[in-house]
Structure formats: structure tokens, C-alpha cells
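Colleague: Could you walk me through the labels you put on this model, and show me the reasoning behind them?
Modeller: Gladly; here it is.

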Amino acid sequence: MRGRGRRAVVHDHRGVAVEAGSAVHPYRRRDASAETYAREKDAVLAVGRRAVTPEHPYSLSPAALRAAPAPLPARLVLPSPNGSTISAEAAAGDATVIAASPRNRTAVARRLAAHGYGTAGRPLAVVAAGERWPDGSLRPALEDLLGAGAVLAALRAACPDLTLTPEATAAATLWTATKDPVAALHGCASGRELYAYGCPQDVEVAAEIDASTTVPVLVDGAFQEAP
């Protein structure tokens, strides 16, 4: 993800907040330091799903953000160890960082194609962030691999001459070969986990394929809608 002119696409759900008009500041840690960071940015900190109250309805749940009273805060801090770390590392390497998912895959692919990304002169990295086990080790996440594949499949459709790496080809092939990606998102380990937490609406939001035309781009440390 290093090198000037390179673009990194992070599979993420930050788009829900950006669609509603918020600038989203990613933060690497989910601890007390996130509160300090939010104050420094004059932003509202999104809390965990179980910490939502009527006075503070802004959480890491995309469904809860959608249900919160409008308008959303102008600036939100969303702590996410994997996605935020990837975003920060990519931005530090002079990459342009986009938040993408199955929800906005076609809009992202069209923007990338229009700007010539994925060509020899403008390399592209699509990153499936993954999850973590309770001990902190990385856990494969099917939903993120499907999300990466969704973007890559859309990009390949927009640019038929695009050459993908074997890894990118495998992700795109997984997406196109999955007969019912909505069912896969509901039935995968993370989907079942959200059901167990009582948050099936979050899976429903994640499974809204091509429902969004918003392309969130990381600018000055915050995801904002691309001009």
C-alpha cells in the first residue's frame, strides 16, 4: 500500500455515517484514549452497541447510526483497530484511501476506473481488514473477503482489460461464484455473531448490495464524501 499515486480500498461500513453527512475519523483503539481523541477533533465518539442510550445514540452499529435522530454530528470518531490501522498506514504511505463494501461497490469501481486506478501507473490495493479473536490474533472474516471480492468484481466489469493478481482474482471469483451473497453474509460466523448479540439489522445493512452511491475518501484524517 506504499507509494505516491497508489490508492487503497478498505472494506468498511463507515459509508453509512458519511452518507448522512458526517465526517468520520477512524481511530485505532477502543479504550479511554478514544474519548481524548474525539475531544481533540471536536467530534462525537461512537460507542459500542450495548452502550447506546437515548442521550447518546451514536454507536459502531450502522443500523443504530441510521436510526439516530437527524442530523448526525458533523464529526464522528469510529474506533476500529483493524480498519483504522489499515487506513492510517495506507495514508502514511501517500495512498488515497477509500472506504468500500458491497453497499457501494459499483460506485467505488466506477470512480477508480474513471481515474485510471488499477493500471500500471496507478496501482491499487484492495484490503480485507479481517477480525480478531479474543486473544488479539487475526481471525479470517468471510464478510471482508466477500466485500473485497465485490469491489474487485465490479472493477473488473468496469475495466475488462484489468490485470488482477492471483489473490485479487481469487477474491473476485469468490464473489461472482457465491450464488446468494446476502445469505452468505447473514450465515457467516460474523453474521451469526451479530444475530446472537441481538443486532440482525447490522447484517441487513451490510447486505444492501449496491444500495449506495457514496464514495468515502480519507481527507485530513477523516472519511468524507468524494467530490
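Modeller: Let me begin with the naming: helices and strands are DSSP runs, of at least four residues for a helix and at least two for a strand, numbered from the N terminus. Please keep in mind that this is a predicted model.

Colleague: Thanks! Where is P71 found in that scheme?
Modeller: P71 sits in the loop between α3 (62-67) and β4 (75-79). The peptide bond leading into P71 from A70 is cis, with omega near -5 degrees.

Colleague: And what is there to say about the phi of D42?
Modeller: D42 is not a glycine, yet its phi is positive, about 50 degrees. D220 is also not a glycine and has a positive phi, of about 55 degrees. Most residues other than glycine have a negative phi, and most peptide bonds are trans.

Colleague: Which loops hold these two aspartates?
Modeller: D42 belongs to the loop between α2 (32-40) and β3 (44-45), while D220 is in the loop between β9 (216-219) and β10 (222-225).

Colleague: Why does D42 count as exposed?
Modeller: Exposed means over 50% relative accessible area. D42 has 58% relative accessibility, so D42 counts as exposed. The reasoning carries over to D220, which has 75% and therefore counts as exposed.

Colleague: Let's turn to T178. What makes T178 buried?
Modeller: The cut-off for buried is under 20%. T178 is at 18% relative accessibility, so T178 counts as buried. This residue lies in the loop between α7 (166-177) and α8 (181-187).

Colleague: How do you know that T178 has a polar contact with L174?
Modeller: A polar contact needs a pair of N or O atoms within 3.5 Å. A polar atom of the T178 side chain lies 2.6 Å from the backbone oxygen of L174, inside that limit. Leaving aside neighbours within four places in sequence, T178 is in contact with L146 and A184.

Colleague: Why is α6 called roughly perpendicular to α7?
Modeller: The axes of α6 (residues 142-158) and α7 come within 7 Å and cross at roughly 95 degrees. Angles of 65 to 115 degrees count as roughly perpendicular, so α6 is roughly perpendicular to α7.

Colleague: Which residues make that contact?
Modeller: On the α6 side they include L142, L146 and R156, and on the α7 side A168, L174 and W175 are among them. The residues of this contact divide into 11 nonpolar, four polar and one charged.

Terms used: Residues are numbered from 1 along each chain as its sequence is written. This is a predicted model: local features need pLDDT of at least 70, side-chain atom pairs count only at pLDDT 80 or more; totals for chains, interfaces and linings use all residues. Side-chain values use heavy atoms; hydrogens and water are left out. Buried means under 20% relative accessible area, exposed over 50%, partly exposed in between (1.4 Å probe, protein chains only). A polar contact is a pair of N or O atoms within 3.5 Å; within protein, one must be able to donate a hydrogen and the other to accept it, and residues adjacent in sequence count only if both atoms are side-chain atoms. Contact means heavy atoms within 4.5 Å. Axes are lines fitted to C-alpha atoms, for helices over the stretch in contact, and angles run from 0 to 180 degrees between N-to-C directions. Angles under 35 degrees count as roughly parallel, over 145 as roughly antiparallel, 65 to 115 as roughly perpendicular and the rest as oblique. Ala, Val, Leu, Ile, Met, Phe, Trp, Tyr, Cys and Pro count as nonpolar, Asp, Glu, Lys and Arg as charged, and the others, Gly among them, as polar.
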